[in-house]
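The following note sets out, point by point, what may be read from the coordinates under review. Burial, strand pairing, core packing and ring geometry are taken in turn.

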Amino acid sequence: GTGKLQVEVARNIDRETIRKSKLKISHSIAEEVIETGAPVFTYDAQDDERYRDYVSIHALKLRSIVCIPLKDRETAFGAIYLDNRLQRRAFGQEDLRMLEALADNEIDLAS
């Protein structure tokens, strides 16, 4: 609603809340997903030519990334963002499909 990316919930692999979470994600990826309404998926962002010039990906040493839009009918209003900094191929096509199925439940913000 503010036009600025806000991190509402962030957890690490140990299920601990991440402090300063807005500094620990690729805003470029999340914003791209929200703007285009299309998911982003990469087995290894460090070697993916699409993200060669993304400073946050290299600074955070991101490897696997999956990010899908949350939509109200056709308009993306947010995203589910997962990354792994240690492992290539941490996420597969099955993970992408599961997250898309989760996000595909049409949300009516008017309710």
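1. Strand 2 is largely enclosed by the rest of the structure, because seven of its nine residues are buried. This and every later remark concerns a predicted model. The strand runs from 64 to 72.

2. On the pairing of strand 2, two partners should be noted. Strand 1 (40-42) runs antiparallel to strand 2, and three bridges join the two. Within this pairing, Phe-41 stands opposite Val-66 of strand 2. Strand 3 (75-84) is likewise antiparallel to strand 2, to which nine bridges join it. One of the residue pairs here is Lys-71 with Ala-76, the latter in strand 3.

3. The connection between strand 2 and strand 3 is a hairpin with two residues between the strands. Arg-73, in the turn, has a positive phi of about 65°.

4. Positive phi values also occur at two further residues other than glycine. Lys-61, with phi near 55°, is found in the loop between helix 2 (55-59) and strand 2; at 57% relative accessibility, Lys-61 is exposed. Arg-89, with phi near 60°, lies in the loop that leads from strand 3 to helix 3 (93-103). Its relative accessible area is 57%, so Arg-89 counts as exposed.

5. Which residues of helix 3 are buried? They are Leu-96, Leu-99 and Ala-103. Viewed down the axis of helix 3, these buried residues fall within an arc of 70°, and therefore line one face of the helix. Their cover includes strand 1, strand 2 and strand 3.

6. The largest nonpolar core has twelve residues, among them Ile-25, Ile-29, Val-33, Val-40, Tyr-51, Ile-57, Ile-65 and Tyr-81. Helix 1 (27-36) and strand 2 each supply at least two residues of this core. For Ile-57, contacts beyond its neighbours within four places in sequence are made with Ser-26, Ile-29, Ala-45, Gln-46, Tyr-51, Leu-62 and Ile-65.

7. A second core, separate from the one above, consists of eight residues, including Phe-41, Ile-68, Leu-70 and Leu-96. Of these, Leu-96 is also one of the buried residues of helix 3, and Phe-41 is the residue that stands opposite Val-66.

8. How many aromatic pairs are there? The count comes to two. In one, the ring centres of Phe-41 and Tyr-43 are 5.0 Å apart and the planes meet at 75°; the pair is therefore edge-to-face, since planes over 60 degrees apart are classed in that way. Phe-41 is buried, at 14% relative accessibility, whereas Tyr-43, at 28%, is partly exposed. The other pair, Tyr-51 with Tyr-54, is edge-to-face as well, at 5.1 Å centre to centre and 85° between the planes. Tyr-51 is buried at 2% relative accessibility, while Tyr-54 is partly exposed at 22%.

9. Finally, Tyr-43 and Arg-89 should be considered together. The charged end of Arg-89 sits over the ring of Tyr-43, at 3.9 Å from the ring centre. The ring of Tyr-43 thus faces two entries in this note, because it also forms the edge-to-face pair with Phe-41.

Technical notes. Residues are numbered from 1 along each chain as its sequence is written. This is a predicted model: local features need pLDDT of at least 70, side-chain atom pairs count only at pLDDT 80 or more; totals for chains, interfaces and linings use all residues. Side-chain values use heavy atoms; hydrogens and water are left out. Rings of Phe, Tyr and Trp (its six-membered ring) pair if their centres lie within 6.5 Å; planes under 30 degrees apart count as stacked, over 60 as edge-to-face and the rest as tilted. Buried means under 20% relative accessible area, exposed over 50%, partly exposed in between (1.4 Å probe, protein chains only). A charge sits over a ring if NZ of Lys or CZ of Arg is within 6 Å of the ring centre and within 35 degrees of the ring normal. Helices (H or I, at least four residues) and strands (E, at least two) are DSSP runs, numbered from the N terminus. The arc is that of the directions from the helix axis to the C-beta atoms. Contact means heavy atoms within 4.5 Å. A nonpolar core is a set of buried Ala, Val, Leu, Ile, Met, Phe, Trp, Tyr and Cys residues joined through side-chain atoms within 4.5 Å. Two strands pair if DSSP finds at least two bridges between them.
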